[in-house]
Amino acid sequence: MQSIPPKKTRAPKTAGTVGALKKTTSERKFSDKSSAAEAQRERILRALRLHPRTSYDLRRLGAYQAPARVLELRRRGFEIDTARVTVVDGDGFAHAGVALYTLKAEPGQSRG
């Protein structure tokens, strides 16, 4: 005779966890190592506000899908130019056609 395993049940939600689920994206705080898309967009913006960055630079910052994140930022109103450049990596290999991103303007900001 086979025994039937007991059903798995979920622990009841407490008031503390319900409130945590309702936080908006702008209220979230991400760790420096978070791979969440919003965290990647925040890191990209922080970097581009300082100076132009290549896709290799952004990967080193943890944005492995830099083109997708840049596209999302553009759709949110950020004006980001892309130029194609050749870079030489740490091992001496040249890579042609690498994207160089430059933040030109932020949403609601004139390009002045």
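Which helices and strands do the buried residues of helix 4 pack against? In this predicted model, those residues pack against two helices, helix 2 (37-50) and helix 3 (55-60), and against two strands, strand 2 (79-88) and strand 3 (94-105). The paragraphs below start with the overall layout and then come back to helix 4 and its surroundings.

The protein has four helices and three strands, and along the sequence they come in the pattern α-α-β-α-α-β-β. Of its 112 residues, 25% count as buried. As for how the chain meets itself, take the contacts between residues at least 6 apart in sequence: 48% of them join residues at least 24 apart.

The three strands make up an open sheet with the order 1-3-2 and antiparallel pairing. Strand 1 (53-54) and strand 2 sit at the edges with a single partner strand each, so each has one side without a neighbour in the sheet. Strand 2 and strand 3 are joined by nine bridges, in the antiparallel sense. Going through some of the pairs, D81 stands opposite T102 in strand 3, while T82 has Y101 of strand 3 as its bridge partner. The hairpin made by strand 2 and strand 3 has five residues between the strands, and G92 in this hairpin takes a positive phi near 90°.

On the other pairing, strand 1 and strand 3 also run in the antiparallel sense, over two bridges. Here R53 stands opposite Y101 in strand 3, and T54 stands opposite L100 in strand 3. Y101 therefore turns up in both pairings, facing R53 and serving as the bridge partner of T82.

Two residues of the sheet deserve a closer look. T54, found in strand 1, is buried, with a relative accessible area of 9%. Setting aside neighbours within four places in sequence, T54 is in contact with V85, V87, V98, A99 and L100. A99, found in strand 3, is buried too: its relative accessible area is 3%, and the cut-off for buried is under 20%. Not counting residues up to four places away in sequence, A99 touches R53, T54 and S55, along with T82, A83 and R84. A99 also has P67 in its surroundings, at 8.6 Å from C-alpha to C-alpha, although 32 residues separate the two in sequence.

Back to helix 4 (residues 66-75), where A66, R69, V70 and L73 are buried. Looking down the axis of helix 4, these buried residues fall within an arc of 100°, so they line one face of the helix. Helix 4 lies across strand 2 and strand 3, and it runs at about 160° to strand 2. After helix 4 comes G77, with a positive phi near 105°.

How do helix 2 and helix 4 meet, and at roughly what angle do their axes cross? The two axes come within 10 Å and cross at roughly 80°. Angles of 65 to 115 degrees count as roughly perpendicular, and helix 2 and helix 4 are therefore roughly perpendicular to each other. On the helix 2 side, the residues in this contact are A37, Q40, R41, I44 and L45, and they meet A66, R69, E72 and L73 in helix 4. Sorted by class, the contact of helix 2 with helix 4 has five nonpolar, one polar and three charged residues. Of the helix 4 residues in this contact, A66, R69 and L73 are among those listed as buried.

Put together, helix 4 has buried residues along one face, and those residues pack against helix 2 and helix 3 as well as strand 2 and strand 3.

Note on methods
Residues numbered from 1 in each chain as written. Predicted model: local features only at pLDDT ≥ 70, side-chain atom pairs only at ≥ 80, totals over all residues. Heavy atoms only, no water. Buried < 20%, exposed > 50% of the residue type's maximum accessible area, 1.4 Å probe, protein only. Arc of directions from axis to C-beta. Contact = heavy atoms within 4.5 Å. Axes fitted to C-alpha atoms, helices over the stretch in contact; angles between N-to-C directions. Parallel < 35°, antiparallel > 145°, perpendicular 65-115°, else oblique. Nonpolar A, V, L, I, M, F, W, Y, C, P; charged D, E, K, R; others polar.
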